[in-house]
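Work through the exercises below with the coordinates loaded. Each one gives a task and then a solution in steps.

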Amino acid sequence: NRTRTIFYVLCFVVLFLAGYFLVHRPWFAFGRIAVEGGKALTVEDVVSVAGIQQPINLFTVDRAKLEHVLSHDLRVEKVTTKYAWPNILEVIITDRRPAGYFVCAYGGFAKVDYNGLVLSVGKGIKDASAPFVEGYELGNVYSGDKIADEDVLQLLQFLSKLDQAITAEIVEIVLDKDANIEVVLSSGLPIKLGKAVNIESKRDTFVTVCNELKTKKINAQYIDLSFNKPFVKIYKIGQFFK
């Protein structure tokens, strides 16, 4: 009986090791990868960036390594993974959203996200995914660089806390040499926000004004929110409405 027990145990160990060795071979196909949440990366992109061998074998995919690699991709702001029944590895990605285009050295334009990270640098603005920021030049920057200017970071943080419906209406932002900020809406109406250091205190008022403009037609040159109470400057010279 003891010999028989030892024999069965040895057989089990051999079968277990053989099965473990088999399912961990690169050519053993098991499962698939699905990308959820973001649109910046496809399944093919994830497989390529993470260096996952084809055919996909989930037994050989290191989730921690996969998350680490993707988190360093400039297109990805956040990434997590989880298993789903029956054999799916879900990669949940939050896309990194551009906040604005800035002029940089050599006549180029840098696409910057809400945290001040330079996503790309090119010769022109190739899409309308973010407004153009006029009056401030980044200098010689490269993809992956981080902006350190406090006035710019204040502006980016302000934009990050707005609803996408409102940011979609912003076509241009002026940041002058004195750190005064002016936002130009798609209607062509400028809204002055005052100094960058105080811009956060203007956020609620700015949101209220933008929502009001959706339902009311205002024949104005600009709206000034830099004062304690907002003012509308109409085309008739010298006349203000409180």
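The exercises that follow concern a predicted model.

**Exercise 1. Open sheet**

Determine the strand order of the open sheet formed by 3 strands, and identify its edge strands.

Solution.
1. The order is E1-E3-E2, and the pairing is mixed.
2. Strand E1 (32-36) and strand E2 (76-84) each pair on one side only, which makes them the edge strands.
3. Neighbouring strands of this sheet are turned by 20° against each other on average, direction ignored.
4. E1 and strand E3 (residues 88-95) run parallel and are joined by 5 bridges. Within this pairing, Arg32 has Ile88 in E3 as its bridge partner.

**Exercise 2. Backbone exceptions**

Examine the peptide bond from Trp85 to Pro86, and the phi values of Tyr106 and Ala179.

Solution.
1. Start from the usual case: most residues other than glycine have a negative phi, and most peptide bonds are trans.
2. The bond from Trp85 to Pro86 is cis, with omega near 0°. Pro86 sits in the loop between E2 and E3.
3. Tyr106, although not a glycine, has a positive phi of about 60°. Its place is in the loop between strand E4 (98-103) and E5.
4. Ala179 also is a residue other than glycine with a positive phi, near 65°. This residue lies in the loop between strand E8 (170-175) and strand E9 (180-185).
5. Which of the words buried and exposed applies to Tyr106? Its relative accessible area is 67%, so Tyr106 is exposed. Ala179, at 12% relative accessibility, counts as buried, because the cut-off for buried is under 20%.

**Exercise 3. From E9 to E11**

Follow the pairing of E9 with strand E10, then that of E10 with strand E11.

Solution.
1. E9 and strand E10 (residues 190-195) are antiparallel and pair over 5 bridges. Ile181 has Gly194 in E10 as its bridge partner.
2. The hairpin of E9 and E10 has 4 residues between the strands, and in this hairpin Gly188 takes a positive phi near 95°.
3. E10 pairs with strand E11 (residues 220-224) in the parallel sense, over 2 bridges. Here the partner of Ile191 is Ile223 in E11.
4. Asp224 is found in strand E11. Its C-alpha is 6.6 Å from that of Leu193, while the two residues are 31 apart in sequence.
5. Asp224 is buried, with a relative accessible area of 9%.

**Exercise 4. Salt bridges**

How many salt bridges does the model hold, and which parts of the chain do the pairs Asp127 with Lys111, Glu200 with Lys161 and Lys192 with Glu182 link?

Solution.
1. The criterion is a side-chain nitrogen of Lys or Arg within 4 Å of a carboxyl oxygen of Asp or Glu. By this rule the count comes to 7 salt bridges.
2. Asp127 and Lys111 meet at 3.4 Å, N to O. Asp127 is in the loop between strand E6 (118-122) and E7, Lys111 is in strand E5, and they are 16 residues apart. Asp127 is partly exposed at 34% relative accessibility, whereas Lys111 counts as buried at 17%.
3. Glu200 and Lys161 meet at 3.8 Å, N to O. This pair spans 39 residues, from the loop between helix H4 (150-160) and helix H5 (164-167), which holds Lys161, to the loop between E10 and helix H6 (203-213), which holds Glu200. Glu200 is partly exposed at 29%, and Lys161 is partly exposed at 45%.
4. Lys192 and Glu182 meet at 2.9 Å, N to O. Lys192 belongs to strand E10 and Glu182 to strand E9, 10 residues apart. Lys192 is partly exposed, with a relative accessible area of 27%.
5. Salt bridges that share partners join Lys161, Glu200 and Arg203 into one network.

**Exercise 5. Aromatic and nonpolar side chains**

Classify the aromatic pair of Phe109 and Phe132, and describe the surface patch that includes Phe12.

Solution.
1. The structure holds 3 aromatic pairs. One of them, Phe109 with Phe132, has its ring centres 6.0 Å apart and 65° between the planes. Planes over 60 degrees apart count as edge-to-face, and this is the class of the pair.
2. Phe109 lies in strand E5 (residues 109-113) and Phe132 in strand E7 (residues 132-137), so the pair ties together parts that are 23 residues apart in sequence.
3. Phe109 counts as partly exposed at 21% relative accessibility, and Phe132 counts as partly exposed at 21%.
4. Val9, Phe12, Val13 and Phe16 form a nonpolar surface patch with about 400 Å² of accessible area together. Phe12 lies in helix H1 (residues 2-23) and is exposed, with a relative accessible area of 58%.

Technical notes. Residues numbered from 1 in each chain as written. Predicted model: local features only at pLDDT ≥ 70, side-chain atom pairs only at ≥ 80, totals over all residues. Heavy atoms only, no water. Patch = residues over 30% accessible without salt bridge, like charges linked within 9 Å, V, L, I, M, F, W, Y side chains within 5 Å. Areas by Shrake-Rupley, 256 points an atom, 1.4 Å probe, with all protein chains shown as cover. Buried < 20%, exposed > 50% of the residue type's maximum accessible area, 1.4 Å probe, protein only. Phe/Tyr/Trp six-rings, centres within 6.5 Å; stacked < 30°, edge-to-face > 60°. Pairing = 2+ DSSP bridges. Axes fitted to C-alpha atoms, helices over the stretch in contact; angles between N-to-C directions.
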